[in-house]
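Here are my notes on the model, set out as numbered points so that each can be checked against the coordinates. I begin with one residue pair and work outwards to the whole chain.

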Amino acid sequence: MTKPSDLYEYSYEQNKIAPKNRTCSRCGRFMAKHMKPSPRWACGYCGYTEFIRQ
Ligand SMILES: [Zn+2]
């Protein structure tokens, strides 16, 4: 299991917790962030893609 401290990094400047990585909602593995052609998180294992709304 992955500890929450591995998933989040604390930003002292902004005083908030930002997600460092995202896990696939389908297989639970870490997803890769791609900015082109459109911002999205993509799972390299099962192909699940989650688009980032801006
Ligand atoms: Zn996946």
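**Notes on the strands and their turns**

1. T23 has F30, a residue of strand β4, as its bridge partner. The model is a predicted one, and this pairing should be read with that in mind. The strands concerned are β3, which covers residues 22-23, and β4, which covers residues 30-34; they run antiparallel and are joined by two bridges.

2. What lies between β3 and β4? The two strands form a hairpin with six residues between them, and in the turn G28 has a positive phi of about 85°. A reader who inspects the backbone of this turn may wish to look at G28 and its phi value directly.

3. On the other side of the account, β4 also pairs with strand β5, residues 40-42, in the antiparallel sense and over three bridges. Within this pairing H34 stands opposite R40, the latter belonging to β5. Here too the strands form a hairpin, with five residues between β4 and β5.

4. The loop between β4 and β5 is the place of P37, and the peptide bond that joins K36 to P37 is cis, with omega of about 0°. I would point this bond out to anyone reading the β4-β5 hairpin, since a cis peptide bond between K36 and P37 is part of the model as predicted.

5. Which strands make up the open sheet, and in what order? Four strands take part, in the order β3-β4-β5-β6, and their pairing is antiparallel. The edges are held by β3 and by β6 (49-51), each of which has a single partner strand, so one side of each is left without a neighbour in the sheet.

6. Taken as a whole, the protein chain has one helix and six strands, and along the sequence these follow the pattern α-β-β-β-β-β-β.

7. How much of the chain is buried? Buried residues account for 4% of the 54 residues in the protein chain. As for contacts, among those between residues at least 6 apart in sequence, 2% join residues at least 24 apart.

Note on methods: Residues numbered from 1 in each chain as written. Predicted model: local features only at pLDDT ≥ 70, side-chain atom pairs only at ≥ 80, totals over all residues. Pairing = 2+ DSSP bridges. Buried ≥ 20, exposed ≤ 12 C-beta atoms within 10 Å, placed from the backbone. Contact = placed C-beta atoms within 7 Å.
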